[in-house]
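Please open the model in your viewer and keep the sequence panel beside it, since each stop on this tour begins with a selection.

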Amino acid sequence: MKKFEFLDFATADIAFKAYGKDLGEAFGNAALAMFEVMFDTSKIKAKEEKKVELEGEDLKSLLFDFLSELLYIFDVEKLIFSNFEVEVRKEGEKYRLRASCKGEKLRKEIEAKTEVKAVTYHHMEIKKEKNLWVVQVVLD
(Lines give C-alpha, C1' and ligand atoms only; values in the text may rest on other atoms or scores of the structure.)
Protein backbone atom coordinates (compact mmCIF):
# COMPACT_ATOMS: atom_id res chain seq x y z
CA MET A 1 0.00 0.00 0.00
CA LYS A 2 1.36 3.41 -0.89
CA LYS A 3 1.40 5.91 1.97
CA PHE A 4 0.60 9.01 -0.08
CA GLU A 5 0.61 10.53 -3.58
CA PHE A 6 0.82 14.09 -4.81
CA LEU A 7 -2.02 15.41 -6.96
CA ASP A 8 -1.81 17.78 -9.90
CA PHE A 9 -4.95 19.91 -9.66
CA ALA A 10 -3.86 22.78 -7.45
CA THR A 11 -2.10 25.66 -9.16
CA ALA A 12 0.08 27.47 -6.61
CA ASP A 13 -0.80 25.04 -3.85
CA ILE A 14 0.31 21.46 -3.25
CA ALA A 15 -2.31 18.73 -2.98
CA PHE A 16 -1.98 15.11 -1.91
CA LYS A 17 -3.94 12.03 -0.92
CA ALA A 18 -2.78 9.95 2.02
CA TYR A 19 -3.91 6.41 2.79
CA GLY A 20 -4.26 4.17 5.81
CA LYS A 21 -5.83 0.98 7.09
CA ASP A 22 -7.44 3.14 9.79
CA LEU A 23 -7.91 6.87 10.38
CA GLY A 24 -4.80 7.10 12.53
CA GLU A 25 -2.57 5.66 9.84
CA ALA A 26 -4.15 7.92 7.18
CA PHE A 27 -3.64 11.01 9.37
CA GLY A 28 -0.02 9.95 10.06
CA ASN A 29 0.64 9.45 6.36
CA ALA A 30 -0.88 12.89 5.67
CA ALA A 31 1.59 14.37 8.15
CA LEU A 32 4.41 12.47 6.45
CA ALA A 33 3.32 13.81 3.04
CA MET A 34 3.25 17.38 4.40
CA PHE A 35 6.82 17.09 5.72
CA GLU A 36 7.90 15.40 2.47
CA VAL A 37 6.78 18.54 0.64
CA MET A 38 9.22 20.52 2.80
CA PHE A 39 12.13 18.04 3.19
CA ASP A 40 13.38 14.61 2.15
CA THR A 41 11.90 12.74 5.12
CA SER A 42 14.03 9.65 4.40
CA LYS A 43 17.00 11.67 5.74
CA ILE A 44 15.26 12.65 9.00
CA LYS A 45 16.25 10.58 12.02
CA ALA A 46 13.82 9.79 14.85
CA LYS A 47 15.93 11.45 17.57
CA GLU A 48 13.23 13.44 19.36
CA GLU A 49 9.61 12.69 20.17
CA LYS A 50 6.72 15.12 20.50
CA LYS A 51 3.28 14.07 21.77
CA VAL A 52 0.23 15.77 20.29
CA GLU A 53 -3.30 15.49 21.69
CA LEU A 54 -6.22 17.26 20.04
CA GLU A 55 -9.99 17.27 20.03
CA GLY A 56 -12.23 18.20 17.11
CA GLU A 57 -15.89 18.63 16.32
CA ASP A 58 -15.47 16.54 13.15
CA LEU A 59 -12.76 14.67 11.26
CA LYS A 60 -11.90 17.53 8.90
CA SER A 61 -11.32 19.99 11.71
CA LEU A 62 -9.25 17.35 13.53
CA LEU A 63 -7.06 16.72 10.48
CA PHE A 64 -6.71 20.47 9.86
CA ASP A 65 -5.74 21.10 13.49
CA PHE A 66 -3.29 18.17 13.56
CA LEU A 67 -1.38 19.25 10.46
CA SER A 68 -1.51 22.91 11.53
CA GLU A 69 -0.13 21.98 14.98
CA LEU A 70 2.78 20.10 13.37
CA LEU A 71 3.49 23.07 11.13
CA TYR A 72 3.43 25.34 14.19
CA ILE A 73 5.86 23.05 16.05
CA PHE A 74 8.17 23.14 13.03
CA ASP A 75 7.97 26.95 12.81
CA VAL A 76 8.64 27.50 16.52
CA GLU A 77 10.91 24.58 17.50
CA LYS A 78 12.41 23.72 14.08
CA LEU A 79 11.47 20.05 14.55
CA ILE A 80 11.06 18.02 11.36
CA PHE A 81 9.04 14.83 11.76
CA SER A 82 9.32 11.65 9.71
CA ASN A 83 7.63 9.02 11.87
CA PHE A 84 4.06 9.15 13.16
CA GLU A 85 1.96 6.87 15.36
CA VAL A 86 -1.53 8.31 15.43
CA GLU A 87 -4.75 7.18 17.09
CA VAL A 88 -8.08 8.75 16.15
CA ARG A 89 -11.29 7.81 17.93
CA LYS A 90 -14.76 9.15 18.51
CA GLU A 91 -15.67 10.05 22.09
CA GLY A 92 -19.28 11.10 22.41
CA GLU A 93 -19.92 13.87 19.90
CA LYS A 94 -16.25 14.75 19.42
CA TYR A 95 -13.19 13.15 17.89
CA ARG A 96 -9.89 12.79 19.75
CA LEU A 97 -6.42 12.41 18.33
CA ARG A 98 -3.31 11.20 20.12
CA ALA A 99 -0.05 11.14 18.25
CA SER A 100 3.59 10.35 18.84
CA CYS A 101 5.66 12.27 16.29
CA LYS A 102 9.36 11.52 15.93
CA GLY A 103 12.03 13.44 14.12
CA GLU A 104 14.90 15.82 14.67
CA LYS A 105 15.81 19.48 14.75
CA LEU A 106 16.54 21.21 11.47
CA ARG A 107 20.27 21.06 10.70
CA LYS A 108 22.15 22.94 7.98
CA GLU A 109 22.78 19.58 6.24
CA ILE A 110 19.03 19.07 5.75
CA GLU A 111 18.06 20.69 2.49
CA ALA A 112 14.69 22.43 2.37
CA LYS A 113 12.44 21.79 -0.64
CA THR A 114 9.22 23.83 -0.58
CA GLU A 115 7.90 26.18 2.09
CA VAL A 116 4.47 25.29 3.45
CA LYS A 117 2.71 28.33 4.90
CA ALA A 118 -0.59 26.76 5.89
CA VAL A 119 -2.98 23.85 5.74
CA THR A 120 -6.30 24.61 4.01
CA TYR A 121 -9.83 23.22 4.00
CA HIS A 122 -9.89 23.68 0.21
CA HIS A 123 -10.79 20.32 -1.45
CA MET A 124 -10.22 18.52 1.89
CA GLU A 125 -11.77 15.05 1.91
CA ILE A 126 -11.82 12.18 4.36
CA LYS A 127 -13.51 9.00 3.22
CA LYS A 128 -13.37 5.25 3.38
CA GLU A 129 -12.85 3.47 0.06
CA LYS A 130 -13.23 -0.29 0.32
CA ASN A 131 -10.93 -1.17 3.24
CA LEU A 132 -8.73 1.98 3.12
CA TRP A 133 -9.16 5.44 4.58
CA VAL A 134 -8.25 8.22 2.15
CA VAL A 135 -7.58 11.81 3.15
CA GLN A 136 -7.05 14.60 0.66
CA VAL A 137 -5.31 17.82 1.68
CA VAL A 138 -4.26 21.03 -0.06
CA LEU A 139 -1.33 22.97 1.39
CA ASP A 140 -0.64 26.63 0.76
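Begin with the whole chain in cartoon style and follow it along the sequence, where the pattern reads β-β-α-β-α-β-β-β-β. That comes to two helices and seven strands, where helices (H or I, at least four residues) and strands (E, at least two) are DSSP runs numbered from the N terminus. The model is a predicted one, in which local features need pLDDT of at least 70 and side-chain atom pairs count only at pLDDT 80 or more, while totals for chains, interfaces and linings use all residues. Residues are numbered from 1 along each chain as its sequence is written, and side-chain values use heavy atoms, with hydrogens and water left out.

**The whole chain**

Reduce the display to the C-alpha trace, which spans about 45 × 35 × 25 Å along its principal axes. The radius of gyration of the chain is 14 Å, which agrees with the value near 14 Å that a compact globule of 140 residues would have; the radius is taken over C-alpha atoms, and the globule rule is 2.2 Å times the number of residues to the power 0.38. Colouring by accessibility will show that buried residues make up 46% of the 140 residues, with buried meaning under 20% relative accessible area, exposed over 50%, and partly exposed in between (1.4 Å probe, protein chains only). Of the contacts in the chain with a separation of 6 or more, 66% are accounted for by residues 24 or more positions apart, a contact being heavy atoms within 4.5 Å.

**Strands β3, β4 and β5**

Next select residues 79–91 and 94–105, which are strands β4 and β5; they run antiparallel and are joined by 12 bridges, and two strands pair if DSSP finds at least two bridges between them. Within this pairing, N83 stands opposite K102 in β5, and K90 has Y95 in β5 as its bridge partner. Now add residues 48–56, strand β3, which runs antiparallel to β5 and is joined to β5 by nine bridges. In β5, Y95 is also the bridge partner of G56. While the side chains are shown, recall that in a regular strand they alternate between the two faces of the sheet.

**The turn at G92**

Which residue in the turn of the β4–β5 hairpin has a positive phi? Centre on G92, whose phi is about 65°, in a hairpin that has two residues between its strands. G92 counts as exposed because its relative accessibility is 58%. For a distance label, pick the C-alpha atoms of G92 and V137, which are 45 residues apart along the chain and separated by 26 Å.

**K78 and H123**

Move to K78, in the loop between α2 (59–77) and β4. K78 has a positive phi, near 60°, although it is a residue other than glycine, and with a relative accessible area of 37% it is partly exposed. Show F74 as well: K78 lies over the face of F74, at 5.3 Å from the ring centre, where a charge sits over a ring if NZ of Lys or CZ of Arg is within 6 Å of the ring centre and within 35 degrees of the ring normal.

H123, in strand β6 (residues 119–129), likewise has a positive phi near 60° in a residue other than glycine. H123 is partly exposed, at 41% relative accessible area.

**The aromatic rings**

Finish by selecting F4, F6 and F16, which ring pairs link into a cluster. A search of the whole structure finds seven aromatic pairs; rings of Phe, Tyr and Trp (its six-membered ring) pair if their centres lie within 6.5 Å, and planes under 30 degrees apart count as stacked, over 60 as edge-to-face and the rest as tilted.
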